[in-house]
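Thank you all for coming. I would like to take a few minutes to walk through one structure, and I will begin as soon as it is on the screen.

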Amino acid sequence: MKIAFAGKGGSGKTTLSALFTRYLAAAGAAVVAVDADINQNLGAALGASPDDLAGIPPLGTHLDEIKEILRGDNPRIASADAMVKTTPPGRGSRLLDMSPRNPLHSRFGLPASGATLMVTGPFSEDDLGVACYHSKVGAAEMYLNHLVDGPGEYAVVDMTAGADSFASGLFTRFDVTFLVAEPTLRGVGVYRQYAEYARDHGVEIRVIGNKVQDESDVEFLREHVGSALAACFGHSPFVRAMEKGRHPDLSELEGENVKTLAWMRDSVDAATRDWARFTRQSAEFHARNARRWANAATGADLESQIDPEFVMGPEALEAQRA
């Protein structure tokens, strides 16, 4: 399943992304963790050393290489230059699985806490004042567009703070979005933004209350987000230690918070996987981007890249392997 962690800055979404990743990996699941936040703190939260993190090739600075891998021999994509962040896969595209054969994992991944960590990368000096962070996050969108994840396999993405992911179709790439919210007006405000923007796109949003101290905090969250409130993390010395850069063993996590993680996994596993909708939304957002800016930027009709007979999913992956 593809899982997003979203929320306002400081809500704890990176810490909970890392904790959920560690929990899944410790249970023996195949997990890829993608840091798509401008602050790039997920690797440190997973216990990776600064030297190891410095050695990861950032996805966002290798877009041409990634495009060349993903386009495969798709006849609708003339070259890597004609491929944009929303270009959907079609017959001949290189689809990705979660195995060691995945060329993006082997090229851009780092083992961390039992998972494979990939990063979109921070702003560089060349970016400052002339680029937006969506140029980096586009690499994560391309990766997710081409990833066929199966049962017991998870892609966990730490998203940019706030509602920035709605600047592209990235927000539709997930089976479940966990929105981490503190029991404050600002915390629940991001949920209202997400719910409004996602309303017509079938996005599954589940609010995880964080830094909850007592029942009044739970009631506050329930009052403002209603039935979207799925679970809460209570006061946690374990999580506090993570936020200070320490990495306690999972056996030290408080029992109630272990139950919350278990419920989160169960809810993710029970989510409906709809590959037809995933494919259709890819095409819709690509067509919208093509008409709005990409056709003019590339000098080509990029809507022609949409393969109307292609459906993303396990059958397409098996056809590639045949």
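Since I will be naming helices and strands throughout, let me say that these are DSSP runs, with a helix being H or I over at least four residues and a strand being E over at least two, numbered from the N terminus. Please also keep in mind that this is a predicted model.

With that in place, let us start at helix α8, which covers residues 215–225, and just after which G226 takes a positive phi of about 60°. Which residues of α8 are buried? They are D217, V218, L221 and V225, and because they cover an arc of only 100° around the axis, they sit on the same side of α8. As for what that side meets, the buried residues of α8 pack against two strands that I will name together with their ranges, β6 (176–181) and β7 (205–212), and also against helix α7 (185–198) and strand β8 (229–234).

Helix α8 also carries a charged pair, in that R222 forms a salt bridge with E219, with the closest N and O atoms 2.7 Å apart. Both residues lie in α8, three residues apart, which is about one turn of the helix. The general point behind this is that an α-helix has 3.6 residues a turn, so residues three or four places apart point the same way. In terms of accessibility, R222 counts as partly exposed at 40%, and E219 likewise counts as partly exposed, at 39%. Elsewhere, salt bridges that share partners join K2, D149, D175 and R273 into one network.

The structure holds 23 salt bridges, and I would like to discuss two further ones. In one of them, the side chains of K13 and D37 meet at 3.0 Å, N to O. This pair links distant parts of the chain, since K13 lies in helix α1 (residues 13–26) and D37 lies in the loop between β2 (30–35) and α2 (42–45), 24 residues apart. Are these two partners buried or exposed? K13 counts as buried because its relative accessibility is 4%, and D37 counts as buried because its value is 5%, where the cut-off for buried is under 20%.

In the other, R107 forms a salt bridge with E65, the closest N and O atoms being 2.8 Å apart. R107 belongs to helix α5 (residues 103–108) and E65 to helix α4 (residues 63–71), so the pair ties together parts that are 42 residues apart in sequence. Here R107 is partly exposed, at 34% relative accessibility, and E65 is partly exposed as well, with a relative accessible area of 30%.

Let me turn to strand β2, where V32 has its place. V32 counts as buried, at 2% relative accessibility, and, not counting residues up to four places away in sequence, it touches M98, H105, T116, M118, Y143, Y154, A155 and V156. By way of a longer distance, the C-alpha atoms of V32 and Y197, which are 165 residues apart along the chain, are separated by 27 Å.

Finally, a word on annotation. An unreviewed UniProt entry places the feature "domain: CobQ/CobB/MinD/ParA nucleotide binding" at residues 4–68. In the model, the end C-alpha atoms of that span lie 26 Å apart, and the span is 45% helix and 15% strand.

Key. Residues numbered from 1 in each chain as written. Predicted model: local features only at pLDDT ≥ 70, side-chain atom pairs only at ≥ 80, totals over all residues. Heavy atoms only, no water. Buried < 20%, exposed > 50% of the residue type's maximum accessible area, 1.4 Å probe, protein only. Arc of directions from axis to C-beta. Contact = heavy atoms within 4.5 Å. UniProt positions renumbered as here; feature names shortened; annotations may be inferred. Salt bridge = Lys/Arg side-chain N within 4 Å of Asp/Glu carboxyl O.
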